[in-house]
Amino acid sequence: MREEVVIVVGAGPAGLATSACLNLHSVPNIVLEREDCVGSLFRNKSYDCLHIHLPKQYCELPHMSFPSNSPMYVPRSDFIRYLDDYASRFKVNPVYHRSVESATFDQATQKWHVKARNTVSGETEDYVSRFLVVATGENSDPFVPEIEGLDTFKGELLHSTKYKSGAKFSGKSVLVVGSGNSGMEIAFDAATAGAKTSIIVRSPLHILSKNMLSLGLILSAYLPVDAVDTLILTLCRSLYGDLSKYGLRRPEEGPFYWTRTYGKYPNTNVGAAQMIKSGKIQVLPSIASIKGDEVILTNGKLYQFDAIILATGFKRSTNKWLKDEDHLLNEDGFADGSKNPNYWKGKKGLYCAGLAKKGLYGCGFDAQKIANDIKSFL
């Protein structure tokens with residue numbers, strides 16, 4: 001059994017930032033990570049063309065800026081390097097291949113007992129701590145929706161976490177399911193590589209250029225959100241025109257109200273909108289069922305595809321192993337950052353970082369609050 005003052009679960013940006021802030025306060029801690037590296041989502045489960053969707057100043061972790069020569073929108077490879085350098089600079093040394101299977105609070109000792117399986121040896125290890133920080137990320141486990149007949153599909157089926165580039169799909173008919181940033185970027189990448197590309201768009205969405213997003217973020221610090229949304233939507237109509245004729249509907253609420261209220265970020269356009277308007281990417285409605293290589297849509301039309309890429313997001317796994325958490329997280333594994341100003345702090349020495357739909361900036365904010373709070377108890 002190993003005992004530490006703080007156990008941090010997860011070595012993504014939130015876990016790294018929390019451990020770094022604790023180290024700066026000289027608070028002993030251990031980071032348990034189920035994969036074999038820091039930032040495994042970006043290193044092992046992201047496509048090659050990925051760029052961080054927000055300007056770099058909104059994506060920095062505490063106490064360390066990006067290099068001055070970094071581009072405004074940091075590419076995947078540079079961000080991975082940044083995370084490695086961050087861990088090295090602040091002496092964050094995760095214990096890898098440790099999959100947490102349970103975390104329970106012992107009333108008698110007032111400590112957390114964590115059981116983690118060593119995925120290499122298969123052995124179960126016991127850890128004890130006064131404080132426990134959940135930093136497993138918003139994008140923990142790939143989500144595969146229930147689609148009738150999905151298991152009968154004869155072509156190539158993969159989740160977006162397995163997609164690397166469109167090169168292998170050149171000349172093939174590809175369906176991307178999901179229209180978030182990942183779905184749109186994958187559709188654009190596949191079409192650029194020569195794939196005949198379609199994308200399923202079920203829900204309304206906002207599409208902004210990078211410059212619009214940057215402008216909106218700056219103005220949000222000075223103007224009411226409805227004024228910012230009015231300006232940004234005017235710019236959207238001027239740049240993109242009416243996208244509804246191509247199957248893309250906008251929500252009734254503005255993009256920054258949407259983000260602030262629901263934690264949903266607008267799509268940052270990398271070129272998919274132009275390809276949709278030109279017909280190089282076809283927008284389709286929801287899937288009703290699949291039979292072999294045939295996809296039947298809810299409008300009754302039938303299409304054939306060589307590959308289906310599921311850009312359908314993720315689910316949190318925290319609720320499977322975290323016990324005695326007293327409603328710090330909801331049933332989907334998120335913290336409610338819109339109603340509770342101390343959403344990062346639970347009871348009995350329990351905390352969460354990076355689970356309030358506030359992106360990388362939120363990870364750093366949570367980490368500093370948590371480290372300061374734990375330090376106040378010691």
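**Exercise 1.** How many residues has helix α10, and how far does helix α10 reach from its first C-alpha to its last?

*Solution.* Note that this is a predicted model. Helix α10 covers residues 359–377. That gives 19 residues. From first C-alpha to last, α10 reaches 28 Å. The expected span at 1.5 Å a residue is 27 Å, so the two values are close.

**Exercise 2.** Find which residues of α10 are buried, and what covers them.

*Solution.* Start with the cut-off: buried means under 20% relative accessible area. Among the buried residues of α10 are Leu 360, Cys 363, Ala 367, Ile 370 and Ile 374. Now look at the cover. It includes strands β1 (2–9), β5 (124–134) and β18 (350–352). Helices α1 (13–24) and α3 (76–89) are also included.

**Exercise 3.** Work out the strand order of the five-stranded open sheet, and explain why β7 and β12 each have one side without a neighbour.

*Solution.* The order is β7-β16-β8-β9-β12, with parallel pairing. Strands β7 (156–159) and β12 (281–284) stand at the edges. Each has a single partner strand, so one side of each lacks a neighbour in the sheet. Neighbouring strands are turned by 20° against each other on average, direction ignored.

Take one pair next. Four bridges join β9 (residues 196–200) to β12. In one of them, Ser 198 is partnered by Gln 282 of β12.

Finish with the helix. Helix α4 (residues 181–192) lies across β8, β9, β12 and β16. It runs at about 170° to β9.

**Exercise 4.** Which elements do the buried residues of α5 pack against?

*Solution.* Met 212, Leu 213, Ser 214, Gly 216 and Leu 219 are buried in α5. The buried residues pack against β10, α6, α7 and β11.

Methods. Residues numbered from 1 in each chain as written. Predicted model: local features only at pLDDT ≥ 70, side-chain atom pairs only at ≥ 80, totals over all residues. Heavy atoms only, no water. Pairing = 2+ DSSP bridges. Helix = DSSP H or I, 4+ residues; strand = E, 2+ residues; numbered from the N terminus. Axes fitted to C-alpha atoms, helices over the stretch in contact; angles between N-to-C directions. Contact = heavy atoms within 4.5 Å. Buried < 20%, exposed > 50% of the residue type's maximum accessible area, 1.4 Å probe, protein only.
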